[in-house]
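Q: I am new to this structure and would like a close look at one part of it. Could you take me through the sheet and then show me what lies around it?

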Amino acid sequence: MKIFITGATGFVGQNLVEYYTQRGHEVYAFKRDEALRDCLEQFRPDAIINSAAEIYDPEHMFVPNIVIVQSLLEYVRNCDQWCRLIQIGSSSEYGPTNHATSEDTLLKPVDYYQATKGAATLMCQGWARFFKLPIWIVRPYSVYGPGEREHRLFPRLFRAFQHNEPMTLYQGHHDFIYINDFVRAIDLVLQEWDLAPGEIVNFGSGYQISNFDLYDLWVQITENTQAPVAQVAEMRKAFENTVWVCDIAKSSQLGFTCEYDLETGIRDFLLKANYDRTNN
């Protein structure tokens with residue numbers, strides 16, 4: 001299969017490129033500075049996975065979060081071959097909630113990132129349903145694993161526990177899914193021909209944990225009770241809530257289960273992070 005992956009330099013994108021390349025697929029790792037339409041027309045993919053997004057800078061969200069999605073939709077509609085498109089959304093599209101979120105939970109974004117990701121989902125659904133095209137949306141919860149950006153929670157915990165680097169840990173709640181599981185989830189959707197045009201599938205563990213309980217788990221696994229982690233009993237971001245967990249009913253119906261529980265994922269993260277540091 002010829003698979004076109006956007007956001008190929010990002011955390012999820014890099015793992016997708018590695019996963020499909022290792023399995024013998026022909027992969028185009030698209031980067032932001034290339035001409036999207038030209039690359040698509042030259043490569044002629046059987047499938048597109050859009051993992052491109054701007055998460056942090058509102059001034060630069062519109063093009064990667066909206067414009068690129070529109071360009072991909074136009075290509076899928078007008079190309080002369082059957083091309084599937086998977087749009088990687090975000091559980092943050094739902095905004096703050098007080099219950100596990102399912103695929104039909106109403107979107108209530110409270111910042112621009114949430115709004116742009118939600119808008120992209122609606123664009124994909126409308127396009128897929130109107131033109132009857134194989135376009136699907138996957139919404140991950142908190143994806144973690146080796147290769148995350150240095151400012152993310154797990155790399156910061158790694159540096160605190162393994163290298164005595166001070167950090168501040170704010171309270172929060174997350175449904176964590178290991179990157180290996182999430183990549184498998186994307187591939188499951190890519191291979192699933194019974195999904196209706198524009199269908200959404202959420203992927204998480206179905207289990208949430210607080211940041212402070214996560215810290216305790218790191219202490220248990222690393223046996224390090226002296227990590228310089230200052231705990232602050234407040235949430236850092238205004239939109240955060242005490243509930244952030246995936247309703248896994250639909251993904252379970254598709255036959256998906258996480259192979260990594262949180263403890264197993266942390267141990268694998270530590271093993272690979274230590275290996276990378278030793279060999280770089």
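A: Happy to! Let's begin where strand 5, residues 135-140, meets strand 10: the two pair in the parallel sense over 4 bridges. One of the residues to look for is Val138, whose bridge partner in strand 10 is Val201. Please keep in mind throughout that this is a predicted model.

Now step back to the whole sheet. Its 6 strands follow the order 2-1-3-4-5-10, the sheet is open, and the pairing is parallel. The edges are strand 2 (26-29) and strand 10 (200-203), each of which pairs on one side only. Neighbouring strands in this sheet are turned against each other by 20 degrees on average, with direction ignored. As a general point, strands of a sheet pair through backbone hydrogen bonds, in either a parallel or an antiparallel way.

Next come the helices that touch the sheet. Helix 2, residues 36-43, packs on the sheet and touches strand 1 (2-6), strand 2 and strand 3 (47-50). The direction of helix 2 makes about 165 degrees with that of strand 1. Helix 3, residues 62-78, lies across strand 1, strand 3, strand 4 (84-88) and strand 5. Relative to strand 3, helix 3 runs at about 170 degrees.

Two of the elements you have just met also hold the residues of a charge-and-ring contact. The charged end of Lys2 sits over the ring of Phe43, 4.8 Å from the ring centre. Lys2 falls within the range of strand 1 (2-6), and Phe43 within that of helix 2 (36-43). Another such contact involves Arg23, whose charged end sits over the ring of Tyr19 at 3.7 Å from its centre.

Staying with helices, have a look at Thr116 in helix 4, residues 112-131. Thr116 is buried, because its relative accessible area is 3% and buried means under 20%. Leaving aside residues up to four places away in sequence, Thr116 touches Met61, Asn65 and Ile66. Asn65 and Ile66 fall within the range of helix 3 (62-78). For a sense of scale, the C-alpha atoms of Thr116 and Val229 are 34 Å apart, with their positions 113 residues apart along the chain.

Helix 4 also spans the position of Cys124, which brings us to the cysteines. Cys124 is buried at 0% relative accessibility. The closest cysteine sulfur to that of Cys124 is in Cys83, 12 Å away, so the two are too far apart for a bond. Cys246 is likewise buried, at 3% relative accessibility. Its closest cysteine sulfur belongs to Cys258, at 8.7 Å, which is again too far for a bond. The structure as a whole holds 0 disulfides.

Now for the aromatic rings. A search of the whole structure finds 19 aromatic pairs. Take Tyr144 and Phe176: their ring centres are 5.8 Å apart and their planes stand at 85 degrees, so this pair is edge-to-face. The two residues come from distant parts of the chain, Tyr144 in strand 6 (residues 142-144) and Phe176 in strand 9 (residues 176-178), 32 residues apart. Both are buried, Tyr144 with a relative accessible area of 1% and Phe176 at 10% relative accessibility.

Strand 9 takes part in another pair, formed by Tyr178 and Tyr260, and this one is tilted: 4.5 Å from centre to centre, with 40 degrees between the planes. Here too the link joins distant parts of the chain, since Tyr178 is in strand 9 while Tyr260 is in the loop between helix 8 (249-253) and helix 9 (262-278), 82 residues apart. Tyr178 is buried, with a relative accessible area of 0%, whereas Tyr260 counts as partly exposed at 22% relative accessibility. These four residues belong to one aromatic cluster, which also includes Phe154, Phe158, Phe161, Tyr215, Trp218 and Phe269.

Finally, let's visit two loop residues. Asn164 is in the loop between helix 5 (153-163) and strand 7 (167-171), and Glu223 is in the loop between helix 7 (211-222) and strand 12 (229-235). Neither is a glycine, yet phi is positive in each: near 60 degrees for Asn164 and near 55 degrees for Glu223. Asn164 is exposed, with a relative accessible area of 52%, and Glu223 is exposed too, at 72%.

Technical notes
Residues numbered from 1 in each chain as written. Predicted model: local features only at pLDDT ≥ 70, side-chain atom pairs only at ≥ 80, totals over all residues. Heavy atoms only, no water. Disulfide = S-S within 2.5 Å. Buried < 20%, exposed > 50% of the residue type's maximum accessible area, 1.4 Å probe, protein only. Pairing = 2+ DSSP bridges. Axes fitted to C-alpha atoms, helices over the stretch in contact; angles between N-to-C directions. Contact = heavy atoms within 4.5 Å. Phe/Tyr/Trp six-rings, centres within 6.5 Å; stacked < 30°, edge-to-face > 60°. Lys NZ or Arg CZ within 6 Å of the ring centre and 35° of its normal.
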